[in-house]
Amino acid sequence: MLALRRVLVPGFAVAIIVALVVACIRRLRRASDPSKEQLRQGGYETLAADTPQTTMGAKGSHETRSLVGLPQEILLNVLAMLDHKGLTRVEATTKITRALDVDKLWYTLTERALSRKSGRFSVARWQARFPDASWKLRFMHIDSENKRRNITEAELSEGSDQSLRWLFNFKPAAGGASTATIQEGRFVSEEREDAQGSLHMQGYPPLPYKLVDHLCSICAQPATQKCSRCRRVWYCSRQCQRAAWKEHKDECAVLAQLGETGSSQAAAAAAEPQCLKIANFPNHFVKRLQNWEWIIENDNVVLMSFPSDAEIPERHSPEYDERYEELFRDHPMLRLLVVPTTGAQLFL
Ligand SMILES: [Zn+2]
Ligand SMILES: [Zn+2]
């Protein structure tokens, strides 16, 4: 019942708004009564535009002119109540938006979407990233970005314009119950090698890392090949695949059938989180927070990308302890490094 309501309510809202908008146009058309020729030449567009006088001609009566002033503003206000799906639908099903500055609405939607993200994400940044794009297109990029669960090597490691900064801490169970054990970690990627390099932290030798999208289902090492039949289960080697076959056989037949439907494929992909291998430590799993920052963690340690609005003091500066304590107390995001990340709502 609840699910039904969730589907029906937005549907109704869109239907009502579309009906309103269409009624508005009808009224407008009746009032202005443009000839067929005027309509064909885009008379309606001119009507709703800022300079309406030309096609209105002799019929530009007092009544018409007052209507001419209204629609842009009213229609934009009505359309501003829609979410991106509703707005897309109105754009696809009616012609009214052609005359309006709808991109203004896409800008608003973009700003609203990004205001819930951490400090490093802003409309200005997205504008710079796609300098000639419309706000609608930028919004579409943001919408797809919102679904991304895998981090890129460029984000993880130093030296690209997408590089993120990383803070490391031990989990309370491993002796990291305070800010004292927090430090910055630097991922330095290897030239020529994809998604691997070394993690640099004070007090440790460089620790080799490898970012892997799939793990061997037998030995949990980075996997390079998948079962050719079901295309779902990954292995590091022929040996592991052979060792797995007896158990995998029945499951494989079922998975192979499921594989034909796109949605179950997506579900399988979502169920397998990306993983970071660091030296011989147990696997670290990659998760994304609602504010788009990343958490990479296992039972003992946590690495977190940190937002640009959080200025981290130099480790050896005299004011280090005090400022650090203050920062971590006040910044809800950084507090995650001290308090274990248990709240499920924190994650996407
Ligand atoms: Zn293996
Ligand atoms: Zn299989």
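**Exercise 1. The loop that holds Arg231**

Locate Arg231 in this predicted model, and determine whether Arg231 counts as buried, partly exposed or exposed.

*Solution.* Begin with the position in the chain: Arg231 belongs to the loop that runs between strand 5 (225-226) and strand 6. Turn next to the backbone, where Arg231 has a positive phi of about 55 degrees although it is not a glycine. For the surroundings, count the C-beta atoms: Arg231 has 14 C-beta neighbours inside 10 Å and therefore counts as partly exposed, since that class lies between the limits of 12 or fewer for exposed and 20 or more for buried.

**Exercise 2. Tyr235 and its surroundings**

Which element contains Tyr235, and which residues does Tyr235 touch when those up to four places away in sequence are not counted?

*Solution.* The element is strand 6 (residues 234-235), in which Tyr235 is found. The neighbour count comes next: Tyr235 has 24 C-beta neighbours inside 10 Å and so counts as buried. With residues up to four places away in sequence set aside, the residues that Tyr235 touches are Cys216, Ser217, Ile218, Ala223, Gln225, Cys240, Gln241 and Ala244. As a last step, consider Ala220, which is 15 residues from Tyr235 along the chain, with 8.5 Å between the two C-alpha atoms.

**Exercise 3. Two helices examined by their span**

How far apart are the end C-alpha atoms of helix 8 (residues 103-115), and how far apart are those of helix 12 (residues 238-258)?

*Solution.* Take helix 8 to begin with: its 13 residues should span 18 Å at 1.5 Å a residue, and because its end C-alpha atoms are 18 Å apart, the two values agree. The buried residues of helix 8 include Leu105, Trp106, Leu109 and Thr110; these cover an arc of only 140 degrees around the axis, and therefore lie on the same side of helix 8. An α-helix has 3.6 residues a turn, so residues three or four places apart point the same way. On the other side of helix 8, Lys104 and Ser115 are exposed.

Helix 12 gives another result, for its 21 residues would reach 30 Å in a straight helix at 1.5 Å a residue, while its end C-alpha atoms are only 24 Å apart. The course of the axis should then be inspected, and helix 12 is found to have a kink of about 65 degrees, centred on His248. Helix 12 is also hardly covered, with 2 buried residues among its 21.

**Exercise 4. Strands 7, 8 and 9**

In which sense does strand 8 pair with strand 7, and which side chains of strand 8 point to the buried face?

*Solution.* Strand 7 (residues 275-278) pairs with strand 8 in the antiparallel sense over 2 bridges, and Cys275 stands opposite Phe285 in strand 8. The hairpin of these strands has 5 residues between them, and Ala279 there takes a positive phi near 45 degrees. Strand 8 is also joined to strand 9 (residues 294-297) by 4 bridges, the two running antiparallel, and here Phe285 stands opposite Glu297 in strand 9.

The side chains of strand 8 (residues 284-288) alternate: those of His284, Val286 and Arg288 point to one face and are buried, whereas Phe285 and Lys287 point to the other face and are not buried. Finally, examine the hairpin of strand 8 and strand 9, which has 5 residues between the strands and holds Trp292 in its turn, with a positive phi of about 80 degrees. Trp292 has 19 C-beta neighbours inside 10 Å and so counts as partly exposed, given that 20 or more are needed for a buried residue.

**Exercise 5. Strands 1 to 3, and a contact distant in sequence**

How many bridges join strand 2 to strand 3, and which residues are in contact with Asn300 beyond its neighbours within four places in sequence?

*Solution.* Strand 1 (residues 166-170) pairs with strand 2 (residues 183-189) in the antiparallel sense over 3 bridges, and Phe168 stands opposite Gln183 in strand 2. Strand 2 is joined in turn by 4 bridges to strand 3 (residues 196-200), again antiparallel, with Val188 opposite Ser198. Their hairpin has 6 residues between the strands, and Arg192 takes a positive phi near 70 degrees there.

Asn300 lies in the loop between strand 9 and strand 10 (301-305). Leaving aside neighbours within four places in sequence, Asn300 is in contact with Phe170, Lys171, Ala173 and Ala174. The C-alpha atoms of Asn300 and Pro172 are separated by 7.9 Å, although these residues are 128 residues apart along the chain.

How values were computed
Residues numbered from 1 in each chain as written. Chains lettered and ligands numbered in written order. Pairing = 2+ DSSP bridges. Contact = placed C-beta atoms within 7 Å. Expected span 1.5 Å × (residues − 1). Bend = angle between axes of the 7 residues up to and from the residue. Arc of directions from axis to C-beta.
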